[in-house]
Amino acid sequence: LPVDPEAFGGGEVVAIGAGHSFSAVLTDEGEVWAFGSNHKGQLGVPTQFGVWGGAVWQPQHVPDVWMLGQQQGARVQVESMAVGGKHIIMKSSDGKVWGVGSNQYGQLASVSFVGDATRSGPYRLGADLAAHGVDDTPFRDGVAVIAIAAGGEHTLVQTGDRRLWLFGSNSHGQLLRDLSEAEEVEFNAEPRGVVPCDLFDDASVCRNYTITDFAAGNDFTIIISGSSACPEGSRGPPPFGRPGQDGDCELCPAGTFAAEPGKSECIACAAGSFAGPGDGASACVLCPLHSYAEGEGNAACTACDA
């Protein structure tokens with residue numbers, strides 16, 4: 001059935017998601033609207049919260065007041081969302097990650113409220129981990145969260161250091177944890193970070209790869225790895241200019257260039273040409289008329305004497 005955009009505050013819908021008996025949309029105004037079952041608080045509002053089979057047919061605005069910046073009353077927009085079985089994960093414009101709904105298996109990364117406890121208002125993921133002695137998390141200061149996903153009863157978060165963090169239920173091994181370890185099957189609120197070397201058997205190859213994409217299903221996880229080369233105009237670790245999980249691409253310095261992707265060294269510009277500082281050069285430029293460049297590796301040309 002078509003839905004009037006006014007039901008979502010008049011904003012344009014940019015993302016949609018469906019969980020167990022509920023749905024959610026994200027608008028271009030950075031707002032999340034949810035409707036359907038609110039038994040576990042997955043709509044982020046108190047209406048029908050905790051009512052088995054209770055239905056909320058009118059879209060509910062997940063309240064912004066819970067998502068405050070450093071100054072009280074500052075409005076924070078949602079940049080992306082992921083809808084799980086009975087929870088919603090939201091990445092806000094201030095770099096924080098929020099969740100509503102069930103934390104039965106630790107899918108909201110909270111140790112304090114466990115088991116069948118739920119949240120009817122947005123909760124900042126990982127807010128209580130430090131108090132329980134968990135310091136290495138994707139939610140600590142200075143770490144950038146770049147992507148999120150939500151499964152039936154688990155959550156995935158990727159950070160700028162190329163690690164993928166998994167937490168929640170491990171009932172079918174979806175957290176890459178050994179099912180023989182019983183304490184790690186049911187409740188895993190402490191995120192576990194993985195890199196390609198945790199996935200590959202060949203340690204001599206794995207360091208050339210990074211996690212490029214991922215997805216969460218009801219009780220499974222899909223991880224895609226790749227060995228993308230550094231783009232033209234930049235250089236990366238030898239021998240093939242691929243950053244892998246530990247390295248980074250570096251822009252070619254002034255006076256040098258890299259004409260193709262996958263270079264581990266930038267080449268100095270020849271005499272009579274230059275490459276200025278900036279975004280990294282993929283080619284050198286000939287000196288304009290009445291100017292010259294002696295030797296190699298020139299960042300600029302010199303005007304000829306009158």
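**Figure 1. C284, a partly exposed cysteine with a relative accessible area of 26%.** The model shown in this and the following views is predicted. C284 forms a disulfide with C269, and the two sulfur atoms lie 1.9 Å apart. The link is left-handed, with -85 degrees about the S-S bond. It connects distant parts of the chain, 15 residues apart: C269 sits in the loop between β18 (267–268) and β19 (273–274), while C284 sits in the loop between β19 and β20 (285–286). On the C269 side the cysteine is buried, with a relative accessibility of 0%. Buried here means under 20% relative accessible area, and partly exposed covers the range from there up to 50%, so C284 at 26% falls in the partly exposed class.

**Figure 2. The disulfide between C287 and C301, with an S to S distance of 1.9 Å.** The torsion about this S-S bond is about -80 degrees, which makes the disulfide left-handed. C287 is located in the loop between β20 and β21 (291–292), and C301 in the loop between β21 and β22 (302–303), so the bond ties together parts that are 14 residues apart in sequence. C287 has 16% relative accessibility and therefore counts as buried. C301, at 22%, counts as partly exposed.

**Figure 3. C304, whose sulfur is too far from any other cysteine sulfur for a bond.** The closest cysteine sulfur belongs to C287, at 8.8 Å. A disulfide requires sulfur atoms within 2.5 Å, so the 8.8 Å between C304 and C287 rules out a bond. The sulfur of C287 is instead joined to C301. C304 is partly exposed, at 42% relative accessibility.

**Figure 4. The disulfide between C230 and C249, with sulfur atoms 2.1 Å apart.** The S-S torsion is about -90 degrees, so this disulfide is left-handed. C230 lies in the loop between β14 and β15 (234–235), and C249 in the loop between β15 and β16 (250–251); the pair therefore ties together parts that are 19 residues apart in sequence. C230 is buried, with a relative accessible area of 0%. C249 is partly exposed, with a relative accessible area of 36%.

**Figure 5. A nonpolar surface patch formed by F220, I222 and I224.** Together these residues have about 270 Å² of accessible area. I224 is placed in strand β14, which spans residues 221–226. A residue needs over 30% relative accessible area to join a patch. I224 has 43%, so I224 passes this cut-off and is partly exposed.

**Figure 6. The whole protein, with one helix and 22 strands, as context for the close-ups.** Of its 306 residues, 42% are buried. The accessible surface comes to about 15,200 Å², and carbon and sulfur atoms account for 52% of that area. Among contacts with a separation of 6 or more, 44% are between residues 24 or more positions apart. The whole structure holds four disulfides, including C230 with C249, C269 with C284 and C287 with C301.

How values were computed
Residues are numbered from 1 along each chain as its sequence is written. This is a predicted model: local features need pLDDT of at least 70, side-chain atom pairs count only at pLDDT 80 or more; totals for chains, interfaces and linings use all residues. Side-chain values use heavy atoms; hydrogens and water are left out. Patches are made of residues with over 30% relative accessible area and no salt bridge: like charges are joined within 9 Å, nonpolar side chains (Val, Leu, Ile, Met, Phe, Trp, Tyr) within 5 Å. Accessible areas come from the Shrake-Rupley method with a 1.4 Å probe; for residues, only the protein chains shown count as cover. A salt bridge is a side-chain nitrogen of Lys or Arg within 4 Å of a carboxyl oxygen of Asp or Glu. Helices (H or I, at least four residues) and strands (E, at least two) are DSSP runs, numbered from the N terminus. Buried means under 20% relative accessible area, exposed over 50%, partly exposed in between (1.4 Å probe, protein chains only). Contact means heavy atoms within 4.5 Å.
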